[in-house]
Structures are given as C-alpha cells and as structure tokens.
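Here are a few exercises to work through with the model open beside you. Try each task before reading its solution.

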Amino acid sequence: MDNEGVTPAYMKLSQIKFALSLPEYKTDLALKEELINGIKAGNMAPYYREVCNDLGWVMDETLCAHMAKNNEVRLAELEKEHENSVIEDEEQVSGLWQAKLDYLCSIGDKENASALANSKLQDKTVPKTHRIDAVFALFRISYFHGCDIKGMSAAIEKATELIEGQGDWSSRNKLKAYEGVWSFAVRDYLRAAKLFVDVVPTFESYELADFGTIIKYTVLSCMIALPRCELKKKLMHHGVMAQALHSQYRNLKEYFQSLYDGHYAEFLVALAQVESDMKRDPLLHPHYRHYVQEMRLRAYKQILQAYRSLSLDYMAEAFGVSCEFIEREVAKFAASGRLQCKIDSVARSVITSVHLSDEALRVKDSSDLDLDRSLLYKTTVKRGDILLNRLKKLARVMDF
C-alpha cells in the first residue's frame, strides 16, 4: 500500500455527480461546490455540459466557453507534438494517440474519446497490447459516464477475446480488476469475489479506481457470496487485504467481524452504513436493496442454524430490533422458501428445519417400525425351522 498509485482526480467526479442526482443530496451545496471545483480544475467543458443537462443546472456560458477554449488549445498542442515529433518506433505512435485519448477522457468528452478508442481497437495494424489499452479505455468511459452496463459488457467481451492466448501478465491482471467491477454490476457476486480476492495483492489498475474502492468491492462481494468458513481466510488471513482492513478500512472490518462473530446488533448498524454508501455509488446503487435484504437473510440463517427453536424475543434482542420486525422478516423469508423454518405464534418462537426434519423422521420411523417387526417375525420363524431340523438330525446320531 506504500506504493499505491494515483487515480485520476476526474474519476471521482462521477460519484459526486450521481449523489447530486439523488433526492437526499440534490440540494447539498458542499457536494455541488466540490463537483464544480473539480470540473474547473480539469477544464472539463464537455462534462460540464453533460452535468448541467443531467442535473438540470443553469449553465454558466462564460465558464463553459473559457474551459472549451482551454480544451482547444491543449488538443492543438497535442496535434502539434504529433506533427513535429520524429517517429522512430510504434511505441512513440501509441504514446501520441494515447496521450490524446487520456486527455479526452479527463475532460469528459465521451463522444470523441469513444471514437478514438474504437478506431484504434478496430485497426488491425495497431499492436495487440495497444488495442487492449484502447478497450480498457472504452470500459472506463462507460464506467465513468453513468455505469453503462451495455458498454462495459462489450468492452469486457472484447478484452477477453484479445487477451486470450496473450502472454502479457499485466493485461491479464488488469482484466481481473475490470471484470470484477463488471461482475458486481451484473450481480455475479461469486465471480466478483473470486476476481477481487485474486487481484488485491497485485492491484495496479489505478486508472480505473483507487485501492479503497477495490477493497470495498472485495469485502461486499465476499460477504454475500462466500460461505462463512471461507470469509476469514479470504479477508483476515489474506496478507494485503488483512493489512488494509486493520489499518485503513476499519468500518469494513467491523462489518465483516460483526457477522462472523455473531454480534448481530452491531452487524445491522454496520449494514446500515453499507447501505448508505451503496446508495451513493453509481455502480452499486441499483443493487443496494437486494444486497441488504440478502445480507439480513444471511444473518438470520446463521443464528437459526445453531438452534432447534429460538424465541422471537431472543432474536429481536440479538438484532437490536423490535419483536414485530423480526417476526415480519422471518415470516416473509419463510413464506418464500428462503428460510427453512416456521413460526409458532402461540409459543412466540421460530422452529428451525432441523426440528421439523426430526419430526418428519419420527413419523417415518413409526410407519417403518411395523414393517421392520413383520420382517423380524418372518426371519425368526424361518431361522427357527432351520434350527429345529438340525436338532432332529443331531438326535438321530446321538445316544442319550
């Protein structure tokens, strides 16, 4: 973590913009100022127009014209560098168009950045490693501009095709990070968890996201996808991951630790914070309700699996909520078949599947008992006849 790379400042603006689109943050002046300052610092004229259009802001024409002028000057400088440079190898050619592509991405010019990246991707004369860079840029463009799932999916498909058979370890390693982000976006939590756990120790895709974001995605995906027996191994016994959770991301550690140790009231508090964070993340926002529901279900399963029956009052106290809330939650999951239990309203308790299966087994055993007795009787009679015949034979040869 001491050698952590730097994520471009503009990449963080998409989350601020998304937060300002939510009703609870729409009038947040501090967020608005942070977004405007970020746009000004990067002379992001195209992105400023996009923000004003999407958020319904009144555009400052003077500011927009000033930033657009700076964009034209910088692009002209890049073109001049291209014309005046002495091209000696393909690496220099790549560096020139990549510098222009990076600048177009940094000012939020989605249309021109996508056009340039696509032209290099389709150009078969461009070396494969540079075409891979172009397709990763297309993924970042889709990720930055509203988390466009269709664009991200197309980029992952093309990147996988290009890297297949390619011996470039760096490209393969980057693909894991990009595919992990995409997997979370399409709710393939297990795939995301495996990819993130694998990529954290060697993470280098800082152009996509900062290390903290990747740590967050790793913990969230592992918590919902991995069995309890694997959680500690993947999160707390995993060198870089454990170091990060211990030193910098204690809120995520508390979220994991509270569930693992069975501190359910603390877990619900941590889960509420996770829900708040997910709401503000454009990648995670479409999934926060589903995620929170699944994590509550996981906690209910964990507490119930150790008991044959459990009182509703005890569960409510353990989770730090009302008895009515627990009864409503458990009843909902039981009715949908997600929890294998039933509620005894008279005894105010939850009877788990272990107890239910024991009752079923006793019923089965009682019906099987008559059959077993019948077989035992027939076997005894048969063996008795055999024994009597042998005794008769023995009596003939013995002199008493």
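**Exercise 1. A salt bridge across the chain**

Find the partner of E207 in a salt bridge, and place both residues in the fold.

Solution. This is a predicted model, so begin with the pair itself: E207 bridges to K174, and their closest N and O atoms lie 3.2 Å apart. Next, locate the two ends. E207 sits in the loop between α10 (189-199) and α11 (211-225), while K174 belongs to helix α9 (residues 169-185). The partners are 33 residues apart, and the bridge links distant parts of the chain. Finally, check the burial of the lysine: K174 has a relative accessibility of 16% and counts as buried.

**Exercise 2. Buried or exposed?**

Determine whether D281 and K216, which form a salt bridge, are buried or exposed.

Solution. Start with the distance: the closest N and O atoms of D281 and K216 are 3.3 Å apart. Then turn to accessibility, where the cut-off for buried is under 20%. D281 has a relative accessible area of 1%, so it is buried. K216, at 18%, also falls under the cut-off, so it counts as buried. As for position, D281 lies in the loop between α15 (264-280) and α16 (288-304), and K216 in helix α11, 65 residues apart.

**Exercise 3. A charged network**

Work out which residues are linked with K17 in a network of salt bridges.

Solution. Take the pair K17 and D54 to begin with: their closest N and O atoms are 2.7 Å apart. This bridge joins helix α1 (residues 13-20), which holds K17, to helix α3 (residues 45-55), which holds D54; the two residues are 37 apart in sequence. Now add E50, and the network of K17, E50 and D54 is complete. The ends of the first pair can then be compared with the cut-offs: K17 is buried at 12%, whereas D54 is partly exposed at 45%. To put the network in context, the model has 13 salt bridges by this rule.

**Exercise 4. One side of a helix**

Explain how the buried residues of helix α13 (residues 239-247) are arranged around its axis.

Solution. First list the buried residues: M241, A242, A244 and L245. They span an arc of only 160 degrees around the axis, so they lie on the same side of α13. The helical repeat helps here: an α-helix has 3.6 residues a turn, so residues three or four places apart point the same way. Next, ask what this side meets. The buried residues of α13 pack against α11, α12 (228-235) and α14 (250-260). I215 gives a view from the other side of the packing: its contacts beyond four places in sequence are V200, M241, A244, L245, Y249 and L252. I215 is also one of the residues that touch the most other members of the largest nonpolar core, which has 121 residues. Helix α7 (residues 128-144) supplies the largest share of that core, with 10 residues.

**Exercise 5. How far to trust the model**

Identify the elements with the lowest and the highest mean pLDDT.

Solution. Take the chain as a whole first: the average pLDDT is 87, and 88% of the residues score at least 70. Going element by element, helix α19 (residues 353-397) has the lowest mean, 61, and α3 the highest, 96. Then look at residues 355-371, where the pLDDT is below 50. Beyond near neighbours in sequence, this stretch has 5 contacts in the model.

Note on methods:
Residues are numbered from 1 along each chain as its sequence is written. This is a predicted model: local features need pLDDT of at least 70, side-chain atom pairs count only at pLDDT 80 or more; totals for chains, interfaces and linings use all residues. Side-chain values use heavy atoms; hydrogens and water are left out. A salt bridge is a side-chain nitrogen of Lys or Arg within 4 Å of a carboxyl oxygen of Asp or Glu. Helices (H or I, at least four residues) and strands (E, at least two) are DSSP runs, numbered from the N terminus. Buried means under 20% relative accessible area, exposed over 50%, partly exposed in between (1.4 Å probe, protein chains only). A nonpolar core is a set of buried Ala, Val, Leu, Ile, Met, Phe, Trp, Tyr and Cys residues joined through side-chain atoms within 4.5 Å. Contact means heavy atoms within 4.5 Å. The arc is that of the directions from the helix axis to the C-beta atoms. pLDDT is the predictor's confidence in each residue, from 0 to 100.
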